[in-house]
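Biologist: Could you pick one part of this model and take a close look at it with me? Once that makes sense, walk me on to whatever else is worth seeing.

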Amino acid sequence: VARIDYQISDKLRMSAKYAGDFAKTYVYPGTIPGFDDKMTQYPADLLPSATVDYVISPTMVFEGTWGATQGNERAASGVMINSSTNKYLNGLGAFPTLYPDAVVPVGSYQEKVLKGTNGGVPFYQNGRLALPPQFTWGSRIANPPVNTLYPGFVCWQRTQDVALSLTKLWGPHTFKLGLQTQDSLKVQNVGTQTRGVLPPEGRVNFGNDGNNPLDSGFGFANAALGIFSSYEQQNALIEGTLIYHNRDFYLQDNWRVNPKLTLDYGMRFTHHGPQWDKSQQASNFFPDKWEASKAPLLYQPGCAVAASPCPATSRVAIDPRSGNSLGIGSAGAIGTLVPNTGVLLNGIIQQGKGINEANYVESFMSYGPRFGLAYDMKGDQTFVFRGSMGYFFDRVQGDSVFGQSGNPPTGEQSTVYYSTLQSLAAGGQVLHAPPAMLVYYYDAEIGSSLNWNGGVQMILPWSSSLDISYVGSHNFNSVAFGAISIPTNELPM
């Protein structure tokens, strides 16, 4: 920390401060040292700020403050750096994928980190990720092998704040008006920690599964035979450039009405500003734009034998166009898209292409009134009542919108069920699930809360005091998010 204070004149003074922390770049031992170790290449945090105070007159003062916060690499505790992360160096170079090795966007922060970490991480080659897929092994393997995977998020962020205020004393009044701004930039990959996003390196489930007609009954045996229950992958490594701009203006007055009563009241005017991907990769879903006639068809559930309930091994997928079964072993296709039917982007619109560039809209201005009072009930400050009430606004959690950059058409996810690696390598059919999307309500209401409190403070004997207060809060338009889906076993027959 470094700080300087400068009294420029009787009326003007300034102070500036720089605070920062720098960590040594070193290897964090993994679960298996030498196999899944991690490194954070850019571990610095920077926090400069400055304040100016100017006395305009004996009853009027101006104050201005600027500050910034920059956090460099945030990579879920680091990026793996061992040769085990490169599939070409550990015998998995020919492992089939649903999409070619994920391309790392040129000029992205991902590229900077992957090139800079330890002189370049082993799994970054020729602008692509050479990671092996993630593997899951089922319930019969108690201590599964460690996965080498891309971090859930690799990001940096910078937030800049400005606060300006003017205070005026006028008789029993203390007036204050002010402006506050906040501008944020966050660069982050659409990570697998975001709901609904698959890993770009892929994920293979070799676990035992009674619904898999090929299942050997043991995860390691399935891997040796190339049998999997599911293989899923995101089409690319996607990075969002996420920004927002907040603008607040306020007016307030502290009024000493008389020796017993003081009032505080004011109004805050808030221009919230949505948080959105400046790269224009995101999209949103609009139910009123969705047309049933354009909806892609899904394979329906059926049974190969006349039994109710249908045995798991006899479940089959039915083509709704013909009513024909896809045959034994096709249960994994149930609920997936029938190829060449409908419009995949039915009801989906990309930001800035017919909708707001931010992918959702909010009220341009929100109003937050505030009121408070203090009343000296006996006039000797031994029994005082205080109360206040105010309406406040809060920014939605970023994870509610970050994943939208991976929505179609930018992002695409594919899944193959109940098949073999050999079939996949030979060009076996890739089943596409309906698009997984992270959706935020387009005409969004800003989250807010009404807060209030009231209480009394009284002087008691023996140099003691008693404070009894009630505090209340009521939230409006709070955001809760999660998956919305219909299990395939609940689809109509």
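Modeller: Let's start with strand pairing, and with what counts as a pair: two strands pair if DSSP finds at least two bridges between them. Keep in mind that this is a predicted model. With that rule in hand, go to Tyr28, which stands opposite Lys38 in S4. Strand S3 and strand S4 (residues 38–39) run antiparallel and are joined by 2 bridges. Zoom out a little and you'll see an open sheet of 3 strands, ordered S3-S4-S7, with antiparallel pairing. Its edge strands are S3 (27–28) and S7 (79–80), each of which pairs on one side only.

From there, hop over to Lys112 and Tyr42. The charged end of Lys112 sits over the ring of Tyr42, 4.9 Å from the ring's centre. Now look at helix H1, which covers residues 109–116: 6 of its 8 residues are buried, so the helix is largely enclosed by the rest of the structure. The buried ones in H1 are Tyr109, Gln110, Glu111, Val113, Leu114 and Gly116. After H1 comes Asn118, with a positive phi near 55°.

Strand S24 (residues 413–420) makes a good next stop. There, 7 of the 8 residues are buried, so S24 is largely enclosed by the rest of the structure. Strand S14 (residues 227–234) runs antiparallel to S24, and 7 bridges join the two. If you want one spot to click on, take Ser230, whose bridge partner in S24 is Tyr417.

Next, the rings. Phe228 and Tyr231 belong to a cluster linked by ring pairs, together with Phe95, Phe135, Trp137, Phe206, Phe218 and Phe220. Counting rings as paired when their centres lie within 6.5 Å, you get 18 aromatic pairs. One of them is Tyr360 with Tyr440: the ring centres are 4.8 Å apart and the planes are at 70°, so this pair is edge-to-face. Tyr360 is in the loop between strand S21 (348–350) and strand S22 (366–376), while Tyr440 is in the loop between helix H4 (421–425) and strand S25 (447–460), so the pair ties together parts 80 residues apart in sequence. Both rings belong to buried residues: the relative accessible area is 1% for Tyr360 and 7% for Tyr440.

Tyr391 and Phe393 form an edge-to-face pair too, at 5.4 Å centre to centre with 75° between the planes. Here the residues are partly exposed, with Tyr391 at 21% relative accessibility and Phe393 at 24%. Since buried means under 20% relative accessible area, Tyr391 at 21% counts as partly exposed. While you're there, have a look at Arg395: its charged end sits over the ring of Tyr244, 3.7 Å from the ring's centre.

Last, turn to the surface. Leu164, Leu177, Leu179, Phe249 and Leu251 make up a nonpolar patch with about 380 Å² of accessible area together. Strands S12 (173–189) and S15 (239–256) each supply at least two residues of this patch. Leu179 is in strand S12, and at 35% relative accessibility Leu179 counts as partly exposed.

Technical notes
Residues are numbered from 1 along each chain as its sequence is written. This is a predicted model: local features need pLDDT of at least 70, side-chain atom pairs count only at pLDDT 80 or more; totals for chains, interfaces and linings use all residues. Side-chain values use heavy atoms; hydrogens and water are left out. Helices (H or I, at least four residues) and strands (E, at least two) are DSSP runs, numbered from the N terminus. Buried means under 20% relative accessible area, exposed over 50%, partly exposed in between (1.4 Å probe, protein chains only). Rings of Phe, Tyr and Trp (its six-membered ring) pair if their centres lie within 6.5 Å; planes under 30 degrees apart count as stacked, over 60 as edge-to-face and the rest as tilted. A charge sits over a ring if NZ of Lys or CZ of Arg is within 6 Å of the ring centre and within 35 degrees of the ring normal. Patches are made of residues with over 30% relative accessible area and no salt bridge: like charges are joined within 9 Å, nonpolar side chains (Val, Leu, Ile, Met, Phe, Trp, Tyr) within 5 Å. Accessible areas come from the Shrake-Rupley method with a 1.4 Å probe; for residues, only the protein chains shown count as cover. A salt bridge is a side-chain nitrogen of Lys or Arg within 4 Å of a carboxyl oxygen of Asp or Glu.
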